[in-house]
Amino acid sequence: NRHDPFLRPPRMLPDVLSVQQVERLLDVVGSSTAIDLRDKAILELLYASGLRVSELISLEVSDVDLQAGLVRCLGKGSKERIVPVGSKAIASLKKYLAHGRHRLDKKSLQFSLFLNNRGGKLSRQGVWKILKKYVHLAQIKEKVSPHTLRHSFATHLLENGADLRSVQEMLGHVSISTTQIYTHVSQEHLKKVYYRWHPRA
């Protein structure tokens, strides 16, 4: 039967890091300079919120509610959404805003949350470079892009029991079918667990 979902050609599964790899990546970032504090906040926020890199660099300081643990961002088609952010990312953002950002904002003219070394708005390429640096330091051999952290965010949520509709909303997907790719990723994970642990697999 050609409508059988198990006979459909497999869709390209997104690259995903394991939880351990993400932790290794986040743990290699220092905390002594303004750049360190910025980089830690960026990587923590990407993984904690599943933001696209374009959404991340468009954030302004006023878009982050540290008390409530929420970030407001503009997604595709200028559609606004509110995304919850975990305690570790909030702690990193607090440190960056208290001790890092003002050291980068040399002219005090920028509303952007994340600034480059010269005090201007951080670019997409800037985020890619930052990520590449820490992927290398964490000795992660896989190909990693900012989107890999978005994929990892969604997959780890689903693997831990989050429902598809909530993940769709957090990712800002218009259609649930876009989000369904992640169920395939978590099914792959379940298969690996099964074959590893079942005595007669």
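# Exercises on a predicted model

Val144 has a relative accessible area of 14%, so Val144 is buried. Keep in mind throughout that this model is predicted. Let's work through it together.

## Exercise 1: Val144 and its surroundings

Task: Locate Val144 in the fold and find which residues it touches beyond its sequence neighbours.

Solution. Start with the class: at 14% relative accessible area, Val144 falls under the 20% cut-off and is therefore buried. Next, place the residue: Val144 belongs to the loop between α5 and α6. Then set aside residues up to four places away in sequence; Val144 touches Leu17, Leu131 and Val135. Finally, try a distance: the C-alpha atoms of Val144 and Arg24 are 13 Å apart, with these positions 120 residues apart along the chain.

## Exercise 2: A neighbour in the same loop

Task: Find where Gln139 is, and decide whether Gln139 is buried or exposed.

Solution. First, the location: Gln139 is in the loop between α5 and α6. Second, the accessibility: a relative accessible area of 59% makes Gln139 exposed, whereas Val144 in the loop between α5 and α6 is buried. Third, look at the backbone: Gln139 has a phi near 55 degrees, a positive value although the residue is not glycine. To put that in context, most residues other than glycine have a negative phi.

## Exercise 3: Packing of α2 and α6

Task: Describe how helix α2 and helix α6 pack, and name the residues that meet.

Solution. Two packed helices are described by the angle between their axes and the distance between the axes. For α2 (residues 34-49) and α6 (residues 146-159), the angle is about 45 degrees and the axes are 7 Å apart. The two helices are therefore oblique to each other. Now list the contact: from α2 come Leu43, Leu46, Tyr47, Ala48 and Ser49, and from α6 come Pro146, Leu149, Ser152, Phe153 and His156. Sorted by class, the contact of α2 with α6 holds seven nonpolar residues, three polar ones and no charged ones.

A further step takes us to Glu44, which is also found in helix α2. Its relative accessible area is 8%, so Glu44 is buried. Leaving aside neighbours within four places in sequence, Glu44 is in contact with Leu26, Lys88, Ala89 and Ser92.

## Exercise 4: Building the sheet

Task: Work out the strand order, the pairing and the edges of the sheet.

Solution. Begin with the order: three strands form an open sheet as β1-β2-β3, with antiparallel pairing. β1 (64-65) and β3 (80-84) each have a single partner strand, so they stand at the edges and one side of each lacks a neighbour in the sheet.

Next, count the bridges. Two join β1 to β2, and five join β2 (residues 70-74) to β3. Some pairs can now be followed on the structure: Val64 has Val71 in β2 as its bridge partner, and Val71 in turn is partnered by Val83 in β3. Leu70 stands opposite Pro84 in β3.

Then sort the faces. In a regular strand the side chains alternate between the two faces of the sheet. In β2, Val71 and Cys73 form the covered face, while Leu70, Arg72 and Leu74 form the uncovered one. In β3, Arg81 and Val83 are on the covered face, and Glu80, Ile82 and Pro84 are on the uncovered one.

Last, inspect the turns. The hairpin of β1 and β2 has four residues between the strands, and Gly69 in the turn has a positive phi of about 70 degrees. The hairpin of β2 and β3 has five residues between the strands, and there Gly77 takes a positive phi near 65 degrees.

## Exercise 5: Two buried loop residues

Task: Find which residues Gly75 and Ser112 contact away from their sequence neighbours.

Solution. Gly75 is in the loop between β2 and β3, and its 16% relative accessibility means that Gly75 counts as buried. Beyond four places in sequence, Gly75 is in contact with Arg52, Glu55 and Arg81. The C-alpha atoms of Gly75 and Arg52 are separated by 8.1 Å.

Ser112 lies in the loop between α4 (87-104) and α5 (124-137). At 8% relative accessibility, Ser112 also counts as buried. Its contacts, not counting residues up to four places away, are Leu59, Glu60, Val61, Arg101 and Lys121.

## Exercise 6: Confidence

Task: Find which element has the lowest mean pLDDT and which the highest.

Solution. For the whole protein chain, the mean pLDDT is 88, and 93% of residues reach 70 or more. Among its elements, helix α9 (residues 181-197) has the lowest mean, 79, and α2 the highest, 97.

Technical notes: Residues are numbered from 1 along each chain as its sequence is written. This is a predicted model: local features need pLDDT of at least 70, side-chain atom pairs count only at pLDDT 80 or more; totals for chains, interfaces and linings use all residues. Side-chain values use heavy atoms; hydrogens and water are left out. Axes are lines fitted to C-alpha atoms, for helices over the stretch in contact, and angles run from 0 to 180 degrees between N-to-C directions. Angles under 35 degrees count as roughly parallel, over 145 as roughly antiparallel, 65 to 115 as roughly perpendicular and the rest as oblique. Contact means heavy atoms within 4.5 Å. Ala, Val, Leu, Ile, Met, Phe, Trp, Tyr, Cys and Pro count as nonpolar, Asp, Glu, Lys and Arg as charged, and the others, Gly among them, as polar. Two strands pair if DSSP finds at least two bridges between them. pLDDT is the predictor's confidence in each residue, from 0 to 100. Buried means under 20% relative accessible area, exposed over 50%, partly exposed in between (1.4 Å probe, protein chains only).
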